[in-house]
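Reader: Hey, can you walk me through this one? I'm new to reading structures, so plain words please.

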Amino acid sequence: SHNRAQFFSATEEIINSVNMPDIGVQIGARFRFNGLGMLGHTMISSADLAQAISTYLKYRDAFGSIFQVTARLSNRGLLVTADIQAPMENAQRCLLENWITTWSHLPELLSEDQQVFTAIHIPLDEPHYSETFRSLFKCPVHFNSKKPVIHIRPDVIHIPLKYANRGVFQR
């Protein structure tokens, strides 16, 4: 759409005007769920990660999304992926790195200290700041993947969240 093209064009101009190749990672590292307004509050009030991620997937388009995101449960855990593929312009790379990095904040929601991720797959050449991804996720990070995939351990998706609110999700 026209607005999406304008968005990418403006993002590309901003990225090209600053000397910060890792700007997407820096922005993602500063992410806070409460910065997502109603969606973020609903997510942090969820019973567990499965419910929070389900809420995110269900409503994210209403809050403006850049690419499709899907999740599926497998024997390896919950696999979350974005529909974006290399090669990418600077704007797409920045937005993808930002999206991936925001996932590193999931452990902050849990009521107990747990390792959440088993692997991260990124469809980009390994950047000189790749250690930042490993530090944030505390798991193997694989570059030059076919598509971006966040692997979440199956045993953590039903751990209660710190701020779970039983009244939020009445069935």
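**Starting with a helix**

Author: Sure. This is a predicted model. Let's begin with helix H5, where the buried residues are Ala91, Cys94, Leu95, Leu96, Glu97, Asn98, Trp99, Ile100, Thr101 and Thr102.

Reader: Okay, so is H5 largely enclosed or largely open?

Author: Largely enclosed by the rest of the structure, because ten of its 13 residues are buried.

Reader: And how far apart are the end C-alpha atoms of H5?

Author: They are 18 Å apart. At 1.5 Å a residue, the 13 residues of H5 should span 18 Å, so the two values agree.

Reader: Let's pick one residue. What is Thr102 in contact with?

Author: If you skip neighbours within four places in sequence, Thr102 is in contact with Gly28 and Phe31. Thr102 itself is found in helix H5. Its relative accessibility is 14%, so Thr102 counts as buried, the cut-off being under 20%.

Reader: Glu97 was in that list too. What does Glu97 form a salt bridge with?

Author: With Arg93, and the closest N and O atoms are 3.2 Å apart. Both Glu97 and Arg93 lie in helix H5, four residues apart, which is about one turn of the helix.

Reader: Why does being four apart matter?

Author: An α-helix has 3.6 residues a turn, so residues three or four places apart point the same way.

Reader: Nice. And how buried is Glu97?

Author: Its relative accessible area is 1%, so Glu97 is buried.

Reader: How many salt bridges does the structure hold?

Author: Three. Besides the Glu97 pair with Arg93, Arg134 forms one with Glu126, with the closest N and O atoms 3.3 Å apart. There is also one where the side chains of Arg153 and Asp155 meet, at 2.2 Å from N to O.

Reader: Is Arg153 buried or exposed?

Author: Buried, at 18% relative accessibility. Its partner Asp155 counts as partly exposed, at 48%.

Reader: And what about Arg134 and Glu126?

Author: Arg134 is partly exposed, with a relative accessible area of 24%. Glu126 counts as partly exposed as well, at 45% relative accessibility.

Reader: Switching topic: what order do the strands of the sheet have?

Author: The order is S1-S2-S5-S3-S4, in an open sheet of five strands with mixed pairing.

Reader: Which strands stand at the edges?

Author: Strand S1 (69-74) and strand S4 (141-143). Each has a single partner strand, so one side of each is left without a neighbour in the sheet. From one strand to the next, the twist averages 15°.

Reader: How do S1 and S2 pair?

Author: S1 and S2 (residues 77-82) pair in the antiparallel sense, over six bridges. A hairpin through two residues joins S1 to S2. Arg72 stands opposite Leu79 in S2, and the bridge partner of Val69 in S2 is Ala82.

Reader: What actually links paired strands?

Author: Strands of a sheet pair through backbone hydrogen bonds, either parallel or antiparallel.

Reader: Back to helices, then. Which strands does H5 touch?

Author: H5 (residues 90-102) packs on the sheet and touches S1, S2, strand S3 (117-122) and strand S5 (149-152). The direction of H5 makes about 160° with that of S2.

Reader: And which strands does helix H6 touch?

Author: S3 and S4. Helix H6 (residues 130-137) packs on the sheet too, and the direction of H6 makes about 150° with that of S4.

How values were computed
Residues numbered from 1 in each chain as written. Predicted model: local features only at pLDDT ≥ 70, side-chain atom pairs only at ≥ 80, totals over all residues. Heavy atoms only, no water. Pairing = 2+ DSSP bridges. Axes fitted to C-alpha atoms, helices over the stretch in contact; angles between N-to-C directions. Contact = heavy atoms within 4.5 Å. Buried < 20%, exposed > 50% of the residue type's maximum accessible area, 1.4 Å probe, protein only. Expected span 1.5 Å × (residues − 1). Salt bridge = Lys/Arg side-chain N within 4 Å of Asp/Glu carboxyl O.
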